[in-house]
Amino acid sequence: MGASGDVANDTAGWTQSLETMTERHPDASFLMSGGDQVNSAGSAQEYTGFLAPRQMQELRFSVTDGNHDVASSLYDQHFATPNLSTEHPRDYWYAFNDMLVVTLDSNYSSAADIAGHAEFLREVVGEHGDAYSWVVVTFHHSLYSQAFHSRDADVIRLREGLSPVLSELGVDAVFSGHDHIYTRSHLMEGTTPVVPAATPGVGDVLVPDDDQVLYITGNSASGSKYYAFDGQKPWTGLWEQERTPSYSEVDVTPEAFTVTTYETATARVMDEVTLQRAPQGPELVALTAQPRCLAGSAYVAVRATNGEDVPVDVTLTTPFGSRSVAAVAPGTSAYQSFPVRSTSVEAGSVTVTGTLDGASRDYEVPVSALTCG
């Protein structure tokens, strides 16, 4: 997937950028724009220029409503936006390549508008988020950039109103434009930056907590407009302004979400950052913890079967003792019957832990009450 910042229509620059991007990345399957597809909202000529490159007929693409797009019905006449919000007709969502993508119209930034955006986000992510490995949000006005728009009143309202919601919902990444300067934020918990001990750099691999969001601001895909550095911001991990067109390649797997940003003319890697899923540990199946009686004494028999296709270490932990079994073969079980040293077992649970390649996963297995004799 390719992602761009503002296009701000420059037909020659846009065409050259697309030619370069797709030549370098022939397996690109999707294009995403950060908004301002045109500079003049009512210009049919600029829309023609935006759609002229052959890639715009060959590849899927999605758009975001920028401040240069908003004042004309031409936007709606040119672009199909599925699953529209009933509150804001340019808020919409779609799914692609194991991503749920929610696009908001950040031109609407009053308190009531922000509440409407938040309601739409909660509705869509709540209903569909669990079906996809990654949740991505796009809107035009960057909440965390290094140029002067970061001080605008509408951006401040959006930042303060949307950031806590994006963290609450477990959004992974946010792509924006508007400020025409490449910026990668720190991971953000609401409006609070999570500043790492090491200085951020190209090639960072981040393992976010569920409420930590990465924000990426694109510069200019066509080379039509650039903004100056506005002083170091507390949220900024890495930024660059070389006043040359750039774009980002997004590579998605269930375990990793990698954004690599290139200087278009030279293919120089300006930045690369990966969101990595925390190790989840191996899958164990057929987990049982059965109370039993033997000669008037109570026992708890614990069993766990390896559901992976490679050996797994299994530990059975109960209030009555524990047992570790190394390298349990695929499809076979770790088993132990633990004496309770009593004539009864109270209802409770035991813990079964599977470990594979240093990643562990705990399972709580219920135990029912039983009295012997």
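Phe-257 is buried, with a relative accessible area of 1%, and in this predicted model the residue takes part both in an aromatic pair with Phe-175 and in the largest nonpolar core, where Phe-257 is listed among the residues with the most contacts. The points below take up the nonpolar cores, the aromatic pairs, the charges over rings, helix α1, Trp-239 and the disulfide.

**Nonpolar cores**

- The largest nonpolar core comprises 40 residues, and those with the most contacts inside it are Tyr-94, Met-99, Phe-175, Leu-214, Phe-257 and Leu-275.
- Leaving aside residues up to four places away in sequence, Tyr-94 touches a set of residues that includes Phe-30, Met-32, Pro-82, Met-99, Leu-100 and Val-101, and also the polar Ser-62, Asn-83 and Thr-103.
- A second core, separate from the largest, has 26 residues and includes Tyr-144, Leu-162, Val-174 and Val-213.
- In soluble globular proteins, nonpolar side chains tend to be buried together.

**Aromatic pairs**

- The structure holds 16 aromatic pairs, among them that of Tyr-144 and Trp-235, which is edge-to-face, with 5.3 Å from centre to centre and 70° between the planes.
- Tyr-144 lies in the loop between β6 (134–141) and α6 (153–168), while Trp-235 lies in the loop between β12 (212–217) and β13 (236–240), so their pairing ties together parts that are 91 residues apart in sequence.
- Both partners are buried, Tyr-144 with a relative accessible area of 1% and Trp-235 at 11% relative accessibility.
- Phe-175 and Phe-257 form a tilted pair, with centres 6.4 Å apart and 40° between the planes; the pair links distant parts of the chain, since Phe-175 belongs to strand β7 (residues 173–177) and Phe-257 to strand β15 (residues 256–263), 82 residues apart.
- Phe-175, like its partner, is buried, with a relative accessible area of 7% for Phe-175 and 1% for Phe-257.
- Ring pairs also join Trp-14, Tyr-47, Phe-50, Phe-61, Tyr-75 and Phe-79 into a cluster.

**Charges over rings**

- The charged end of Arg-159 sits over the ring of Tyr-144, at 5.8 Å from the ring centre.
- Arg-277 lies over the face of Trp-134, 3.7 Å from the centre of the ring.

**Helix α1**

- Helix α1 (residues 11–24) has 14 residues and reaches 20 Å from its first C-alpha to its last, close to the 20 Å expected at 1.5 Å a residue.
- The buried residues of α1 are Gly-13, Trp-14, Ser-17, Leu-18, Thr-20, Met-21 and Thr-22, and they pack against β2 (30–33), α2 (44–51), α3 (55–58) and β14 (246–252).

**Trp-239**

- Trp-239 is found in strand β13 and is partly exposed, with a relative accessible area of 30%.
- Apart from residues up to four places away in sequence, Trp-239 touches Gln-146, Ile-181, Tyr-182, Thr-183, Phe-229 and Gln-232.
- The C-alpha atoms of Trp-239 and Met-270 are separated by 8.9 Å, with the two residues 31 residues apart along the chain.

**Disulfide**

- A search of the whole structure finds 1 disulfide, formed by Cys-293 and Cys-372 with their sulfur atoms 2.0 Å apart, and this link is left-handed, with -90° about the S-S bond.
- Cys-293 lies in strand β17 (residues 284–294) and Cys-372 in the segment after β25 (370–371), so the pair ties together parts that are 79 residues apart in sequence.
- The two cysteines are not alike in exposure, for Cys-293 is partly exposed with a relative accessible area of 41%, whereas Cys-372 counts as buried at 8% relative accessibility.

Technical notes. Residues are numbered from 1 along each chain as its sequence is written. This is a predicted model: local features need pLDDT of at least 70, side-chain atom pairs count only at pLDDT 80 or more; totals for chains, interfaces and linings use all residues. Side-chain values use heavy atoms; hydrogens and water are left out. Helices (H or I, at least four residues) and strands (E, at least two) are DSSP runs, numbered from the N terminus. The expected span of a helix is 1.5 Å times one less than its number of residues. Buried means under 20% relative accessible area, exposed over 50%, partly exposed in between (1.4 Å probe, protein chains only). Contact means heavy atoms within 4.5 Å. Rings of Phe, Tyr and Trp (its six-membered ring) pair if their centres lie within 6.5 Å; planes under 30 degrees apart count as stacked, over 60 as edge-to-face and the rest as tilted. A charge sits over a ring if NZ of Lys or CZ of Arg is within 6 Å of the ring centre and within 35 degrees of the ring normal. A nonpolar core is a set of buried Ala, Val, Leu, Ile, Met, Phe, Trp, Tyr and Cys residues joined through side-chain atoms within 4.5 Å. A disulfide is a pair of cysteine sulfur atoms within 2.5 Å.
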